[in-house]
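Trainee: I should like to go through this model and ask, for each term, how its use is justified.

Mentor: Please do; each answer will set the value against the definition.

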Amino acid sequence: MEKTPSSQPSSPVVLIVEDDEAKRYLLARTLELAGFRTREAATGNEALMLAREAPDVLLLEVRLPDVSGFEVSRKLKQDPATASIPIIQMSASFTTTHDRTQGLLGGADGYLVAPVEPEELVATLRTVLRTHEVSREREQLLESERSARAALEAANAQLSTQVEILANVHDSVIVTDLSGIISYWNRGATQLFGYTAEEMLGRSVSTIYPSQATRERELAEQLDHIIEHGERTTEWQGKHKDGSEVWATVRTVTMRSARGEPIGFIGVSRDITEVRRLRAEALRRAELAQQLVGIVSHDLRNPLSAITLAAESGLRKEGQDAATQVRLLTRIRSSAERMTRMVRELLDFTQASVGNGITLNPHPEDLHELARQVVEEVQFAHPGRTVLLECTGDGKGTLDADRMAQMLTNLLTNALQYSPPDTAVTVSSTSEPDALLLRVHNLGRPIPPEDLERIFEPLQRGAAGTDSAQRSIGLGLFIVNHIVRAHRGDIQVRSSQEKGTTFTVRIARHAKTAEDAGSSTT
């Protein structure tokens, strides 16, 4: 039977479950004086039945004559009709930490050790009720949010129906809400970005335009501008489903409600990836042409002038002695050889930059023997220098001998050029199971860190103190890098004052054949 003070008809109802009649009476009296209404049950089964009447909270004795309070809690929490009723278990017998833990894990919202002071009992009940009231309010808020989202989805569905004719437009048409969540996606968008409508509806537009996630302030300013002025046309860098880069020109307009309020955006995009690529390629070719003009007009002019002056000197002077003639002819030959090297570098540079890369013609070769030949040739050209060769391991592989010789000659000549005359240059030829290695070491001045970052870029010349007659046009290491890459390898350089400078080349033991298009690209 329910007991309640007449002055407080809306007070919370507490179902007291206690088999001891005297204790049950004292608990009911205490709670009624504190403003609660009470219901009473003497057994666990009676409690399970009265709980169907949805009391606000259960005060449950653990030791009951028929069913334990632990079992009552478990059954109440398993029943959807009673699962939300808060339960406070109480016991004078089950007081250990294990007992309290068992009760709380079994579904109790609180656990009191009897006897309990009235103030603590009332405070515990009110705290549990307040907690559950907050939970109910939170559920109501979540339900309101779900309802609002459902209403928005219904509106988006209606919008999708109204713009169905846009599905066949070749341009990408994407509709989003004000936060960028996609609600419409046509076939043109699928063709541009690779995603289907099913994959993108409900997702953020940042999925296809990742840069928006890192440029939030700029994006917010653009969206404010669109809302204020009605539209905006920009070029955006997007991302295809397969991870490739997509560039699109995007015209975004504000979508408004019947009352004129902004409710979203409509973006119409067109693929300009190929246009941008052609534009960049045209710019690169223009820069390349300008670089080549500069090389031809400046670097080739010096050896050509030397040849002209030597020839004119030889023609003007009659009766020259043999030594003078040899000196003039030697100058002509040296300048011609330098021009030949420059022309070859220009051809290789053009092939690597504009064509399909440096093409290989590989055959079975021995890297050790190839390195030995190059060292002998360079040593012959520099009789006053010491060049050491170290060969270890199996040097056999499939290589383009001419290109490898060109690469090693360039590295070895550079090492001699940029190291003191009284120091040795060391060439190491070694191997790994699937790779061949070359190292060229010298004890010259270290390469500055800022130069190391761009040492393999084109038109990077040697140090300012180098003899201008011996300086290259700045393409040697660029070509070396492309030869290494064509052999499916890589090149690294380390340089310090203590250890000198070492270029390390690692290539695949077997290069691709000419038929396999063994080439590198920029």
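Trainee: Which residues of the largest nonpolar core touch the most other members?

Mentor: They are Met-404, Met-407, Leu-411, Leu-438, Ile-491, Phe-503 and Val-505, in a core of 38 residues. The model is predicted, so local features need pLDDT of at least 70 and side-chain atom pairs count only at pLDDT 80 or more, whereas totals for chains, interfaces and linings use all residues. Residues are numbered from 1 along each chain as its sequence is written, and side-chain values use heavy atoms, with hydrogens and water left out.

Trainee: What makes a set of residues a nonpolar core?

Mentor: The term denotes a set of buried Ala, Val, Leu, Ile, Met, Phe, Trp, Tyr and Cys residues joined through side-chain atoms within 4.5 Å. Buried means under 20% relative accessible area, exposed over 50%, and partly exposed in between, with a 1.4 Å probe and protein chains only. In soluble globular proteins, nonpolar side chains tend to be buried together.

Trainee: Which elements each supply at least two residues of the largest core?

Mentor: They are the helices α13 (367-381), α14 (401-417) and α16 (476-486), with the strands β14 (424-432), β15 (435-442), β16 (490-496) and β17 (500-508). The greatest contribution comes from α14, with 9 residues. Helices (H or I, at least four residues) and strands (E, at least two) are DSSP runs numbered from the N terminus. Apart from this core lies another, of 17 residues, which includes Phe-36, Leu-59, Val-116 and Leu-125.

Trainee: Which residues does Val-505 touch, beyond those up to four places away in sequence?

Mentor: Val-505 touches Met-407, Leu-411, Leu-436, Leu-437, Leu-438, Val-484, Asp-490 and Ile-491. A contact here means heavy atoms within 4.5 Å.

Trainee: Why are β12 and β16 called edge strands?

Mentor: The open sheet has 5 strands in the order β12-β14-β15-β17-β16, with mixed pairing. Because β12 (386-391) and β16 each have a single partner strand, one side of each is left without a neighbour in the sheet. The twist averages 15° from one strand to the next. The helix α14 packs on this sheet, touching β12, β14, β15, β16 and β17, and its direction makes about 20° with that of β15. Such angles run from 0 to 180 degrees between N-to-C directions, with axes as lines fitted to C-alpha atoms, for helices over the stretch in contact.

Trainee: How do you know that β14 and β15 pair?

Mentor: Two strands pair if DSSP finds at least two bridges between them. β14 and β15 are joined over 7 bridges in the antiparallel sense, so the criterion is met. Within this pairing, Ser-429 has Leu-438 in β15 as its bridge partner.

Trainee: What is the strand order of the open sheet with parallel pairing?

Mentor: Its 5 strands follow the order β2-β1-β3-β4-β5. The edge strands are β2 (37-41) and β5 (110-113), each pairing on one side only. The twist averages 20° from one strand to the next. Strands β3 (residues 57-61) and β4 (residues 87-91) pair in the parallel sense over 4 bridges, and Glu-61 stands opposite Met-90 in β4.

Trainee: Which helices lie across the strands of that sheet?

Mentor: Helix α1 (residues 21-33) lies across β1 (13-17), β2, β3 and β4, running at about 165° to β2. Helix α3 (residues 69-78) lies across β3, β4 and β5, at about 170° to β4.

Trainee: Why is Thr-254 classed as it is, buried or exposed?

Mentor: Thr-254 counts as buried because its relative accessibility is 13%. The residue lies in strand β9 (residues 245-256) and stands opposite Phe-265 in β10. Thr-254 touches Ile-226, Ile-227, Gly-230, Pro-262, Gly-264 and Phe-265, not counting residues up to four places away in sequence.

Trainee: How far is a polar side-chain atom of Thr-254 from the backbone oxygen of Ile-226?

Mentor: The two atoms lie 2.8 Å apart.

Trainee: Which hairpins does β9 form?

Mentor: β9 forms one with β8, with 5 residues between the strands, and Gly-243 in the turn has a positive phi of about 95°. β9 also forms a hairpin with β10, again with 5 residues between them, where Gly-260 has a positive phi of about 90°. Strand β8 (residues 231-239) runs antiparallel to β9 and is joined to it by 9 bridges.

Methods. A polar contact is a pair of N or O atoms within 3.5 Å; within protein, one must be able to donate a hydrogen and the other to accept it, and residues adjacent in sequence count only if both atoms are side-chain atoms.
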